[in-house]
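Biologist: Please take a close look at one helix of this model and its surroundings. What faces inward, what faces outward, and what packs against it?

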Amino acid sequence: MTAADVRLMQGMAQRVVATSPELVNADASFGGLAWNWGKGHAGDGASWPRRLWFSGEDLVAWGWAQLPRQVKRNDGSVKDITGAYLAYQVHPGHAGLVDEVIDWYDTTAAGLERTVLPSAADESGLARWAAHGYEPDPDALGDTGSWTQLNERDLVDVEQPVLPAGFRFRTADEAGPEAAVQAHLHAWTPTAYSAESYQGVRETAGYRGDLHILVEAPDGTMASSTIMWLDEVNKTAEFEPVGTHPGYRRRGLGRALLLHSMQLARAAGATHMTVACLGAPGHPKARGLYYSVGFREMSRDAPLIKAKTAR
């Protein structure tokens, strides 16, 4: 997986969004692709085989397999990934290619437990996955499961943000790379994110330091942050990621950050905003935050699994 591959995949995401936005999940969105590749390719790229399908010069389908690996995190812990996961997208005008994507995945991840997150709105695609032996993933679908929903709102009316006294908004361009990395580490520890990860994010198409927003606490701590990915073709922007330091939560920072950022996105030309979150009932906090600033569910995943003994 190269940065050039990701740019092609982002272009396809833009074409799908223009006609069938309900078919785009968080891993196949303009911003999600850039974020996931940028933050992880330096450390995990060797375990990321991919295949691209073209019609003429246009990319019309892709598969990005993530295979077993060890993930070293900033607290010194190591997480073993033992199964395979597939991010993919098939243009609705070439829906028949989903069988080729599935065959490629089954060959690439043969002998492993395989998971995938198609859109719940993709009825024909879900039927093809079922025909290949994939079933609903009971763990992912449980009360504390890992499936995601994509949320949306327009940018016609955006409230004025209110920060607690002494806090202020910064951009990554203003605060610098070290502050941007620290903001993420504060919010997401334990994490594999690093200065090298951030450099990868900055190299992706669509990253803008003026749309990477931080909240600085009175003592200089970067207490909250988000990156917005502006799709100029569709005039939409996406939050990915959004996080707040545990010691600064429940003070309204996340809500103020989102409102301020949406105003900046609108000034940059966006008319529409999206953000993904965990959708299971046991994960209400992020969903509640996004709903509080006007987001509502747009689409959701349908997590599937194929046991490693299945062929």
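Modeller: The helix comes before its cover and one residue of that cover.

This is a predicted model, so local features need pLDDT of at least 70 and side-chain atom pairs count only at pLDDT 80 or more, while totals for chains, interfaces and linings use all residues. Residues are numbered from 1 along each chain as its sequence is written, and side-chain values use heavy atoms, without hydrogens and water.

Take helix α7, residues 195–202. Helices are DSSP runs (H or I, at least four residues), as are strands (E, at least two), numbered from the N terminus. Ser197, Tyr198, Gly200 and Val201 of α7 are buried. Buried means under 20% relative accessible area, exposed over 50%, partly exposed in between (1.4 Å probe, protein chains only). Viewed down the axis of α7, these buried residues fall within an arc of 155 degrees, so they line one face of the helix. The arc is taken from the directions from the helix axis to the C-beta atoms. Ala195 and Glu196 are exposed, on the face of α7 turned away from its buried side.

Now the cover. Helices α2 (30–44), α5 (172–175) and α6 (177–188) are among the elements over the buried residues of α7. Strands β10 (212–216) and β11 (222–231) also belong to that cover. Contact here means heavy atoms within 4.5 Å.

One residue of α6 is His184. His184 has 9% relative accessibility, so it counts as buried. Neighbours within four places in sequence aside, His184 touches Trp35, Thr191, Tyr193, Ser225 and Pro241.
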